[in-house]
There are 2 protein chains.
Amino acid sequence: MKISRDAYGRQLLAQYEGQEPTAEIVERDDGYIDTGSDPGAYFETYDEWPAIERRALKFARGRILDVGCGAGRHALHFQQKGLQVTGIDRSPGAVKVCRLRGLRKVLVRSITEIGKFKPGSFDTILMLGNNFGLFGSAVGARRLLKQLARITSGDARIIAGTRNPYVTTDPDHLQYQRLNKKRGRMPGQIRLRVRFGKIIGDWFDYLLVSPKEMESLLNNSDWEIDRLIGSGEPTYYAVIRKKVDRKIK
Amino acid sequence: MKISRDAYGRQLLAQYEGQEPTAEIVERDDGYIDTGSDPGAYFETYDEWPAIERRALKFARGRILDVGCGAGRHALHFQQKGLQVTGIDRSPGAVKVCRLRGLRKVLVRSITEIGKFKPGSFDTILMLGNNFGLFGSAVGARRLLKQLARITSGDARIIAGTRNPYVTTDPDHLQYQRLNKKRGRMPGQIRLRVRFGKIIGDWFDYLLVSPKEMESLLNNSDWEIDRLIGSGEPTYYAVIRKKVDRKIK
């Protein structure tokens with residue numbers, strides 16, 4: 001990502017430095033604009049995390065890769081606990097904030113570049129803060145799940161958060177889902193860009209899925225849902241494990 | 001203003017109803033985007049107002065016209081104190097919120113339509129929350145000051161708030177001021193639009209002035225600065241009075 005377009009990173013830097021305009025401004029490609037969630041969320045500490053996120057994270061162990069690590073709230077927690085953790089984020093600003101906050105292993109790297117890691121490098125993949133969405137699309141999910149299988153150990157798990165797009169009554173969101181179906185996209189495949197000051201980030205696809213859709217995306221992959229946590233909530237978590245029979249296939 | 005473009009009014013309604021996405025998103029015509037000030041500010045009560053605003057409002061008396069009354073925080077205060085107050089706002093949503101909050105006299109009317117009021121109707125004109133900016137331009141200020149003189153009594157005053165655009169070190173703002181000079185606008189004449197959900201408001205000009213510029217805009221008008229309150233601050237207030245010798249001219 002070009003630094004000149006890194007609206008997200010500039011926002012995290014501003015929040016880190018305690019500057020004033022800290023709310024996240026997210027624009028969808030139908031013109032819908034939102035100030036996102038709580039501006040302080042990227043810097044929350046363990047006690048401030050949602051209870052279901054803390055529950056999901058109990059399944060983290062071994063060598064951890066935090067995909068889309070943002071300001072490093074999860075990575076820093078595990079580093080402090082003595083685990084071996086690597087953060088990646090495609091935003092140079094986010095990575096800078098992680099370093100300023102003391103995260104030792106952190107790289108400017110997009111999820112599309114995880115193939116660069118050596119086979120069997122990690123035991124746990126974190127995709128938190130709705131970052132299951134970083135798969136971007138059904139095709140992206142299938143391709144990246146394959147790569148994730150390669151760079152992880154035999155009994156690895158992915159701990160991923162997402163939002164069920166169907167738990168809404170907002171007419172704008174429902175209309176957007178219909179638009180998506182019409183253009184051959186998954187209903188929860190939202191095209192977004194972040195804005196900060198004069199910086200306009202690039203458009204990117206972020207995939208929100210229901211538990212059923214997640215299951216179907218994992219079909220015929222090396223992965224399967226081990227457990228869902230908070231699956232009745234709009235935002236929920238999945239612990240996804242490698243299939244034991246995957247070598248047999 | 002078309003209701004379908006009333007992003008500002010929809011935002012006030014959402015804030016009134018306590019819905020979630022309440023921060024104000026303001027986009028400038030150079031692409032700069034901001035979440036504006038404190039989302040709760042439009043609903044602040046007397047005790048929460050800036051001290052210098054409360055000081056400025058001590059000069060309000062008689063029949064009051066609140067121009068750009070928003071959610072009615074000032075108008076409701078004076079109504080409660082037993083004064084005769086009329087609110088106007090070009091946003092139908094804002095007017096609806098005022099009515100829901102109990103403001104008795106409030107109209108959907110832009111500042112450009114104040115000529116519709118009868119001569120001598122008001123003793124005090126309020127232009128708060130930086131609403132000196134509603135003059136929009138130097139030309140607009142001169143034209144509207146003339147109309148304000150007509151619809152007010154002999155010893156009327158305007159109580160106006162504005163922000164000194166030069167009290168900034170933000171390179172984006174400084175660059176915008178240079179751009180404005182180049183295109184023959186006052187440096188603090190900012191072109192804005194409000195966004196809320198999928199609603200994109202119309203562009204409008206909002207004029208920020210230094211105390212010196214305000215003085216110069218009042219030159220050769222029926223009005224003069226009586227006193228400046230907080231003129232060393234970024235945001236300051238002016239009590240503007242009718243000139244006593246204006247009939248002689």
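**Close-up views of a predicted two-chain model**

**View 1. The residue that follows helix 4 of chain B.** In this predicted model, helix 4 of chain B is followed by B:G102, a residue whose phi is positive, near 105°.

**View 2. The buried residues of helix 4 of chain B.** Helix 4 of chain B spans residues 92-100, and its buried residues are B:P92, B:G93, B:A94, B:V95, B:V97 and B:C98. These buried residues pack against three elements of chain B, namely helix 1 (7-16), strand 4 (85-89) and strand 5 (106-108).

**View 3. The packing of helix 5 against helix 7 in chain A.** Helix 5 (residues 138-150) of chain A packs with helix 7 (residues 211-218) of chain A at an angle of about 50°, and their axes lie 9 Å apart. Because angles from 35 to 65 degrees fall outside the parallel and perpendicular classes, helix 5 of chain A is described as oblique to helix 7 of chain A. In passing helix 7 of chain A, helix 5 of chain A makes a right-handed crossing. On the side of helix 5 of chain A the contact is made by A:A138, A:A141, A:R142 and A:L145, while helix 7 of chain A contributes A:S216, A:L217 and A:L218. Sorted by character, the residues of this contact are five nonpolar, one polar and one charged.

**View 4. The relation between chain A and chain B.** A turn of 180° with a shift of 0.0 Å along the axis lays chain B on chain A with an RMSD of 0.0 Å, which is the relation of a two-fold axis. Since 100% of the interface residues of chain B are also interface residues in chain A, the copies meet through the same surface.

Definitions and conventions. Residues are numbered from 1 along each chain as its sequence is written. Chains are lettered from A and ligands numbered from 1 in the order in which they are written. This is a predicted model: local features need pLDDT of at least 70, side-chain atom pairs count only at pLDDT 80 or more; totals for chains, interfaces and linings use all residues. Side-chain values use heavy atoms; hydrogens and water are left out. Copies are superposed by least squares on the C-alpha atoms of residues with pLDDT of at least 70 in both. Contact means heavy atoms within 4.5 Å. Axes are lines fitted to C-alpha atoms, for helices over the stretch in contact, and angles run from 0 to 180 degrees between N-to-C directions. Helices (H or I, at least four residues) and strands (E, at least two) are DSSP runs, numbered from the N terminus. Angles under 35 degrees count as roughly parallel, over 145 as roughly antiparallel, 65 to 115 as roughly perpendicular and the rest as oblique. A crossing is left-handed if the near helix is turned anticlockwise from the far one by less than a right angle, and right-handed if clockwise. Ala, Val, Leu, Ile, Met, Phe, Trp, Tyr, Cys and Pro count as nonpolar, Asp, Glu, Lys and Arg as charged, and the others, Gly among them, as polar. Buried means under 20% relative accessible area, exposed over 50%, partly exposed in between (1.4 Å probe, protein chains only).
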